[in-house]
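Work through the exercises below with the sequence and the 3D view open. Try each task before reading its solution.

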Amino acid sequence: RIDLRVDGVRARLAGSPAARGVELEASLTIVNRQRAPVSGTVRWGDLPPEWTAPAADATIAAIAPGSARRVTLHARMPQASAGGEGVSAIPVEFATEDGETVRREARVAWLTAAATDDPIRIDGDLSDWPPGSVNTAGDFRLIAGDPGGLDGETAARPSARTIGFVLRDRDYLYVAVNCESDPWAATPAARHKGVRYDDLIPAEDEDLIEVLIDPLNGGTRSPGDLYHIAVKRSGTDLTEKGIGTDPPCGPRTPWAVDIEVATAATPQRWIAEIRIPLQAVSPEGHDHAVWGFNITRWDASRQEFSTWSGAVGNAYDPLSLGNLFLP
């Protein structure tokens, strides 16, 4: 009867270079489905050791029946890091004045684009990628594909595993996505460069991955602020600013960017590698920046759509992105 939804967690660097931490802002929505107004307190649950929350609680005045209220919680983690596979789950709670407590998890998605002195070959072979942990994106969660597992609390995991990797050098951001695959998945004979969507879900006959970037990381909620790259299993790619849906979900403009793309497939998996010029995303500078960032995957054979950030409902809302640190 009371729904607490985590819309996204934005991260920003704070403090001096010698004592730099990361400020987190969790955006939450409370929906009152009761017949009477509801009031209470929104707060973090148990924070990890050394994390702090300067204003831990937010008091919510009466929310009318059938209405919703937006609220933000802030915390600080002492260093730019996250749990395994680039995600940490931090509990949040809404405690009503009537004694009911609604609990959810705020998914903190954080990657570091570790610097490399050796350029990555864009050939669909990941053997030249150095091992690392801070640059690995895993634990993808479904937006669509398993209605029985999407209960509004914890999104289900997709049937096949997806792992993303990021690196950077002085000029380029490198992204690789390793997708476990159905052995019988087929690539359509005809290549189609665009991406068709049905209610903000890809509606393609071919597997694809997407990279979404918001260099301002402002959580503006406008898909027109996103740099969008889609790569299909066949190697066909698409670049645009905004998302080209029909009907439109926001402004869209061409993005003339000189990316390099390669894909490779075996019966068990397919791999996409992308090289993105940093200046094409952030001409004013990118060092020590935190970008909004996400990787999505459309598994056509299973009709499953999943994301690394764990976005719920709409992967193209900038507020729902994860965070990418470029040291």
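The exercises that follow concern a predicted model.

**Exercise 1. An aromatic pair**

Task: Classify the ring pair formed by Y197 and Y316, and state which parts of the chain the pair ties together.

Solution.
Step 1. The structure holds 7 aromatic pairs, and Y197 with Y316 is one of them.
Step 2. A pair of aromatic rings is described by the distance of the centres and the angle of the planes.
Step 3. For Y197 and Y316 the ring centres are 5.7 Å apart and the planes stand at 85°. Planes over 60 degrees apart count as edge-to-face, so the pair of Y197 and Y316 is edge-to-face.
Step 4. Y197 belongs to strand 13 (residues 197-198), while Y316 sits in the loop between strand 22 (304-307) and strand 23 (322-326). The pair therefore ties together parts that are 119 residues apart in sequence.
Step 5. Both Y197 and Y316 are buried. Ring pairs also bring in F305, giving a cluster of Y197, F305 and Y316.

**Exercise 2. Charges over rings**

Task: Which residue lies over the face of Y227, and which over the face of Y172?

Solution.
Step 1. Start at Y227: K241 lies over its face, 4.7 Å from the ring centre.
Step 2. Move to Y172: R275 lies over that ring's face, at 4.1 Å from the ring centre.

**Exercise 3. The surroundings of E204**

Task: Decide whether E204 is buried or exposed, and list its polar partners.

Solution.
Step 1. Locate E204 in the loop between strand 14 (201-202) and strand 15 (208-214).
Step 2. The relative accessible area of E204 is 4%. The limit for buried is under 20%, so E204 is buried.
Step 3. A polar atom of the E204 side chain lies 2.6 Å from the backbone nitrogen of R196. The E204 side chain also makes a polar contact with the side chain of K232, at 3.0 Å.
Step 4. Leaving aside residues up to four places away in sequence, E204 touches several others, including H192, W298 and A300.

**Exercise 4. R196, a partner of E204**

Task: Where does R196 lie, and what does its side chain contact?

Solution.
Step 1. R196 is in the loop between strand 12 (172-180) and strand 13.
Step 2. With a relative accessible area of 40%, R196 is partly exposed.
Step 3. The side chain of R196 makes a polar contact with the side chain of H192 (3.4 Å).
Step 4. Not counting residues up to four places away in sequence, R196 touches I201, P202, A203 and E204.
Step 5. For a distance along this stretch, take R196 and E206: they are 10 residues apart along the chain, and their C-alpha atoms are separated by 11 Å.

**Exercise 5. An open sheet**

Task: Which strands stand at the edges of the sheet with the order 1-2-5?

Solution.
Step 1. This open sheet has 3 strands with antiparallel pairing.
Step 2. Strand 1 (2-14) and strand 5 (68-77) each have a single partner strand, so they stand at the edges and one side of each has no neighbour in the sheet.
Step 3. On average, neighbouring strands here are turned by 20° against each other, direction ignored.
Step 4. Strand 2 (residues 21-32) is joined to strand 5 by 10 bridges. V22 stands opposite M77 in strand 5.

**Exercise 6. Strand 20 and its partners**

Task: How many bridges join strand 20 to strand 12, and how many to strand 19?

Solution.
Step 1. Strand 20 (residues 269-277) is mostly covered, with 7 of its 9 residues buried.
Step 2. Strand 12 pairs with strand 20 over 9 bridges, in the antiparallel sense. Within this pairing, Y174 has R275 as its bridge partner.
Step 3. Strand 19 (residues 260-265) is joined to strand 20 by 6 bridges, again antiparallel. T263 stands opposite A272, and a hairpin of 3 residues connects strand 19 to strand 20.

**Exercise 7. Backbone exceptions**

Task: Which peptide bond is cis at P247, and what phi do D139 and R221 have?

Solution.
Step 1. Most residues other than glycine have a negative phi, and most peptide bonds are trans.
Step 2. The bond from D246 to P247 is cis, with omega near 5°. P247 is placed in the loop between strand 17 and strand 18 (253-254).
Step 3. D139 has a positive phi of about 50°, and at 12% relative accessibility D139 counts as buried.
Step 4. R221 has a positive phi of about 75°, and with a relative accessible area of 37% R221 is partly exposed.

Terms used
Residues are numbered from 1 along each chain as its sequence is written. This is a predicted model: local features need pLDDT of at least 70, side-chain atom pairs count only at pLDDT 80 or more; totals for chains, interfaces and linings use all residues. Side-chain values use heavy atoms; hydrogens and water are left out. Rings of Phe, Tyr and Trp (its six-membered ring) pair if their centres lie within 6.5 Å; planes under 30 degrees apart count as stacked, over 60 as edge-to-face and the rest as tilted. Helices (H or I, at least four residues) and strands (E, at least two) are DSSP runs, numbered from the N terminus. Buried means under 20% relative accessible area, exposed over 50%, partly exposed in between (1.4 Å probe, protein chains only). A charge sits over a ring if NZ of Lys or CZ of Arg is within 6 Å of the ring centre and within 35 degrees of the ring normal. A polar contact is a pair of N or O atoms within 3.5 Å; within protein, one must be able to donate a hydrogen and the other to accept it, and residues adjacent in sequence count only if both atoms are side-chain atoms. Contact means heavy atoms within 4.5 Å. Two strands pair if DSSP finds at least two bridges between them. Axes are lines fitted to C-alpha atoms, for helices over the stretch in contact, and angles run from 0 to 180 degrees between N-to-C directions.
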